[in-house]
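Let's go through a protein model and ask how its labels are earned. Each answer puts a value next to a cut-off and draws the conclusion.

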Amino acid sequence: MSTPETSRFVRLRVELVLEIEDSAAITGAALQRIAEDDDMAADERTHAEAAVNEDEAEALAYLVDPFDLVSEVPGAELVQASWSSEQVDYDPDSPDWDLDVDDDDSGDALDEDD
């Protein structure tokens, strides 16, 4: 493929699993970030504070910013980002958590007959 035919846009997918070691610290940091956000409307702030107080996953969503991940990458500019967080049952020994398997695969990364 020649350079003019190549897209200039790249979708970077990152999946992280974090272990919550100090729920109060995460919740407190998220509440502080919300309080310091001068662009957040009052009703949105109330909703955000309630969500953060109810769920550590929501608190993490307010603390993790995709822009921070790529802001210092030379020659690249973040044009769109979305992210979410959820509590999960994590078992590092389970094949469901194998990082070498693409989420889009049907689960048959290796054929048993091979």
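**Reading the labels**

Q: What makes L12, V14, L16 and L18 a nonpolar surface patch?
A: In this predicted model, those four residues make a patch of about 440 Å². To join a patch, a residue needs over 30% relative accessible area, and nonpolar side chains have to lie within 5 Å. L18 has 52%, so this residue clears the 30% bar.

Q: Why is L18 called exposed, and where does L18 lie?
A: Exposed means over 50% relative accessible area. L18 comes in at 52%, so the label is exposed. Along the chain, L18 sits in the segment before helix 1.

Q: How do you know what kind of fold pattern the protein chain follows?
A: Count the elements: the chain has four helices and zero strands. Read along the sequence, that gives α-α-α-α.

Q: Why is T27 called buried or exposed?
A: The cut-off for buried is under 20% relative accessible area. T27 has 13%, so T27 counts as buried. T27 belongs to helix 1.

Q: How do you know which residues T27 touches?
A: A contact needs heavy atoms within 4.5 Å. Leaving out residues up to four places away in sequence, T27 touches V52, N53 and A59. There's also a nice pair to look at in T27 and E58: they are 31 residues apart in sequence, yet their C-alpha atoms are 8.8 Å apart in space.

Q: Why does A25 get the label it has?
A: Partly exposed covers the range between the buried cut-off of 20% and the exposed cut-off of 50%. A25 has 42%, so A25 is partly exposed. A25 is in helix 1, and its C-alpha atom is 9.9 Å from that of E56, which is 31 residues away along the chain.

Q: And E44, what makes that residue buried, exposed or partly exposed?
A: E44 has a relative accessibility of 42%, which falls between 20% and 50%, so E44 is partly exposed. You'll find E44 in helix 2. E44 and I34 are ten residues apart in sequence, with 9.7 Å between their C-alpha atoms.

Q: Why is A48 called buried or exposed?
A: A48 has 0% relative accessibility, which is under 20%, so A48 is buried. A48 is part of helix 2. Beyond residues up to four places away in sequence, A48 touches I34, M40 and Y62. A48 and L31 are 17 residues apart in sequence and 8.4 Å apart C-alpha to C-alpha.

Q: What makes a set of residues here the largest nonpolar core?
A: A core takes buried nonpolar residues joined through side-chain atoms within 4.5 Å. The largest one here has eight residues: I26, A30, I34, M40, A48, V52, A59 and L60. Helix 1 (23-36), helix 2 (42-54) and helix 3 (56-63) each give two or more residues to this core. Helix 1 gives the largest share, three residues. As background, nonpolar side chains in soluble globular proteins tend to be buried together.

Q: What does A59 touch in this picture?
A: Not counting residues up to four places away in sequence, A59 touches I26, T27, A30 and V52.

Q: Which residues of helix 3 are buried, and what covers them?
A: In helix 3, A57, A59, L60 and A61 are buried. Their cover includes helix 1 and helix 2.

Q: How do you know that D55 caps helix 3?
A: Look at the N-terminal end: a side-chain oxygen of D55 lies 3.0 Å from the backbone nitrogen of A57. The limit for a polar contact is 3.5 Å, so this pair of atoms falls within it.

Q: How much of the chain is buried, and how much of its surface belongs to carbon and sulfur?
A: Buried residues make up 13% of the 114 residues. The accessible surface comes to about 10200 Å², and 46% of that belongs to carbon and sulfur atoms.

How values were computed:
Residues numbered from 1 in each chain as written. Predicted model: local features only at pLDDT ≥ 70, side-chain atom pairs only at ≥ 80, totals over all residues. Heavy atoms only, no water. Buried < 20%, exposed > 50% of the residue type's maximum accessible area, 1.4 Å probe, protein only. Polar contact = N/O pair within 3.5 Å; in protein donor to acceptor, adjacent residues only side chain to side chain. Patch = residues over 30% accessible without salt bridge, like charges linked within 9 Å, V, L, I, M, F, W, Y side chains within 5 Å. Areas by Shrake-Rupley, 256 points an atom, 1.4 Å probe, with all protein chains shown as cover. Salt bridge = Lys/Arg side-chain N within 4 Å of Asp/Glu carboxyl O.
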